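Visitor: I should like to understand how the descriptions of this model are justified. Please take me through them term by term.

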Amino acid sequence: MLPEPSAALRLAVDTQALQANWTVLDRLSGGARAGAAVKANGYGLGAVMVADALQAAGCGAFFVAHWCEVGELLGHVPADAISVLHGPLTGADAAYARATGARPVINSLAQARRWLAAGGGRCDLMVDTGINRLGVPMADLGDAAIAALDIDILLSHLASADEDVPLNAVQLGRWNAARGQVRHARASLASSAGIVLGPEYHGDLTRPGLSLYGGVPRPELAGAIRQVARPQAAIMQARQVQAGDGIGYNQIFVAERAMRIGTIALGYADGYLRCWSGTGGVIADGQRLPVLGRVSMDMTVIDLSAAPDLREGDWVEIEYALPEAAARSGLSQYELLTVLGRRFGRWTG
Ligand SMILES: *Cc1c(COP(=O)(O)O)cnc(C)c1O
């Protein structure tokens, strides 16, 4: 697919790597099938593009957070393959669920009653086993409103699956107890990190998000997961500076020698945050070209010394392998993906 003409900024989404990552996570899920978290615009990559690619790879369950994320997926994946994690917060949400066929995840007795009052139907149920964020408390599972639900997926969510802490086994035990207590069709606990905690965490369905998109939340997944998101920017201007010249806002970089620099069309408004000032880099002609000085709203300056053949109009690729980029920037791998802004032309590469 060709990119729309856009700003000199694009996000190449390697859909083959995305599909390969899903296939690996599906295999690591053992007897369970892997679904996919596609919330937050497919972790910033483009929800429709991601859902199309994952469905083609065999994925049959998609998780979003908000009801406003459902519309663009309808017509791409079956409505009843979409689960909405925030659940019906209002009667209008419940009516929308019934009209579209997307499934609400019920998170409280209030949501259960709201769903039943709207007419009910197939839903999912989130049980809070210790994250204390969203979900029906274990103590409420015996309520008549829960017994009245027609539950497809019984979910819970691990708080610290990326760490080896006793809470993982505690949550597993509570999730198993909930499975024994509540009638349901399928059970689901693990997201990306939880998948590698062991087969007892798999249930019937896993819900990876981050690792589909190239994230490595636990060392067990290193080597198995490929980079998917590749931000690229064009050089808008190349210029020569002399020793003593300062570059960009507040001149926090001052050239020690004459050097050739380039200005690329990428800035913090695009999600290339100021934490990359002086630490980021791009790759071109097989060379690493460091970011010089401060990242500004729409522009970043790079050192062209190691790539003398680069010209205005040439594209460079931003260093964005998630584990390394997270270590370098101080951002989480999740943030690195979801901050990427609207000015990127998103295309499949
Ligand atoms: C976001 C989310 C996921 C995906 O988690 P990752 O860590 O990105 O794999 C799974 N389940 C729920 C409930 C979520 O909110």
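Visitor: Where is L45 found?

Guide: L45 sits in the loop between helix 2 (39-43) and helix 3 (47-57). Helices are DSSP runs of H or I of at least four residues and strands are E runs of at least two, numbered from the N terminus. The model is predicted, so local features need pLDDT of at least 70 and side-chain atom pairs count only at pLDDT 80 or more, while totals for chains, interfaces and linings use all residues. Residues are numbered from 1 along each chain as its sequence is written, and side-chain values use heavy atoms, with hydrogens and water left out.

Visitor: Why does L45 count as buried?

Guide: Buried means under 20% relative accessible area, exposed over 50%, and partly exposed in between, with a 1.4 Å probe and protein chains only. L45 has 0% relative accessibility and therefore counts as buried.

Visitor: Which residues does L45 touch?

Guide: Contact means heavy atoms within 4.5 Å. Not counting residues up to four places away in sequence, L45 touches L11, V13, V50, Y213, V228, A229, L337 and R346. The C-alpha atoms of L45 and V13 are 6.9 Å apart in space, although these residues are 32 apart in sequence.

Visitor: Is N21, in helix 1 (residues 15-28), buried or exposed?

Guide: N21 has a relative accessible area of 0%, and is therefore buried. Among the residues that N21 touches, leaving aside those up to four places away in sequence, are S211, L212 and G214.

Visitor: How do you know that the length of helix 7 (residues 166-181) agrees with expectation?

Guide: The expected span is 1.5 Å times one less than the number of residues. For the 16 residues of helix 7 this gives 22 Å, and the end C-alpha atoms are 23 Å apart, which agrees.

Visitor: Which residues of helix 7 are buried, and what makes them line one face?

Guide: The buried residues are N168, Q171, L172, W175 and A178. Seen down the axis of helix 7, they fall within an arc of 125°, so they line one face; the arc is that of the directions from the helix axis to the C-beta atoms. On the other side of helix 7, P166 and G180 are exposed.

Visitor: What makes S192 a polar contact of the ligand?

Guide: A polar contact with the ligand is a pair of N or O atoms within 3.5 Å. A polar side-chain atom of S192 lies 2.5 Å from an oxygen atom of the ligand, and one of Y334 lies 2.6 Å from an oxygen atom of the ligand.

Methods: A polar contact is a pair of N or O atoms within 3.5 Å; within protein, one must be able to donate a hydrogen and the other to accept it, and residues adjacent in sequence count only if both atoms are side-chain atoms.
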